[in-house]
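Student: Please take one part of this protein and walk me through it closely. I would like the annotated domain, set against the rest of the chain.

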Amino acid sequence: MLNALVCHLCGKDFQERKTHTRHMNYCRKKAAKSPKTRKRSCKACTSAKTRCESYSNACLRCLVKGIACVMPFIESNQV
Ligand SMILES: [Zn+2]
Ligand SMILES: [Zn+2]
Ligand SMILES: [Zn+2]
């Protein structure tokens, strides 16, 4: 099959060009609305200056390294 209609932004694939075009417009608008600066990085990623890809309770980097994933804003909450 040669119909590789994939959204460049979210990776979703489509069967019809019409649907794909419409989705691309929608996805582009959505991406423009959410600025990248909103994303927070955990302590480990901040100190390593790497991109923090958060999962349910730890980010990818911390999961791979097997270390505790600590978000800067909740650090003093645990006693
Ligand atoms: Zn998309
Ligand atoms: Zn991280
Ligand atoms: Zn982390």
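**The annotated domain and its surroundings**

Tutor: Confidence comes first. This is a predicted model, and the protein chain averages a pLDDT of 82, with 80% of the residues scoring at least 70. Among the helices and strands, α1 has the lowest confidence in the protein chain, at a mean of 90, and β2 the highest, at 94. As a general caution, predicted coordinates should not be read in detail where pLDDT is low.

Now the layout. The protein chain holds three helices and two strands. Read along the sequence, the pattern is β-β-α-α-α. Buried residues make up 5% of the 79 residues in the protein chain. Of the contacts with a separation of 6 or more, 18% join residues 24 or more positions apart.

The domain itself comes from a record. An unreviewed UniProt entry lists residues 41–69 as "domain: Zn(2)-C6 fungal-type". In the model, the end C-alpha atoms of residues 41–69 lie 10 Å apart. The span is 41% helix and 0% strand.

Take the loop between α2 (43–48) and α3 (60–65), where Lys49 is found. Its backbone deserves a look. Lys49 has a positive phi of about 55 degrees, although it is not a glycine. Most residues other than glycine have a negative phi. Is Lys49 buried or exposed? Lys49 has 7 other C-beta atoms within 10 Å, so it counts as exposed; the cut-off for exposed is 12 or fewer.

Ser54 is also placed in the loop between α2 and α3. Its surroundings can be counted in the same way. Ser54 has 16 other C-beta atoms within 10 Å and is therefore partly exposed. Ser54 also pairs with a position twelve residues away along the chain: its C-alpha atom is separated from that of Cys42 by 8.5 Å.

Next, the part before the domain. Helix α1 covers residues 17–33 and has 17 residues. How far should α1 span, at 1.5 Å a residue? The expected value is 24 Å, and the end C-alpha atoms are 24 Å apart, so the two agree. Of the 17 residues of α1, the number buried is zero, so the helix lies largely in the open.

Thr19 is a residue of helix α1. Thr19 is exposed because it has 12 other C-beta atoms within 10 Å, and the exposed class takes in 12 or fewer. Thr19 and Leu5 are 14 residues apart in sequence, and their C-alpha atoms are 9.4 Å apart in space.

Cys7 sits in the loop between β1 (5–6) and β2 (13–14). With 15 other C-beta atoms within 10 Å, Cys7 is partly exposed. Which residues does Cys7 touch, leaving out those up to four places away in sequence? They are Lys12, His23, Met24 and Cys27. Take His23 from that list: Cys7 and His23 are 16 residues apart in sequence, yet 7.6 Å apart in space, C-alpha to C-alpha.

To return to the annotated part: residues 41–69 carry the UniProt domain label. The loop between α2 and α3 holds both Lys49 and Ser54. Lys49 is exposed, whereas Ser54 is partly exposed.

Key
Residues are numbered from 1 along each chain as its sequence is written. Chains are lettered from A and ligands numbered from 1 in the order in which they are written. This is a predicted model: local features need pLDDT of at least 70, side-chain atom pairs count only at pLDDT 80 or more; totals for chains, interfaces and linings use all residues. UniProt positions are given in the numbering used here, feature names are shortened, and annotations may be inferred rather than shown by experiment. Helices (H or I, at least four residues) and strands (E, at least two) are DSSP runs, numbered from the N terminus. The expected span of a helix is 1.5 Å times one less than its number of residues. A residue is buried if 20 or more other C-beta atoms lie within 10 Å of its own, exposed if 12 or fewer, and partly exposed in between; C-beta atoms are placed from the backbone. Two residues are in contact if their C-beta atoms, placed from the backbone, lie within 7 Å. pLDDT is the predictor's confidence in each residue, from 0 to 100.
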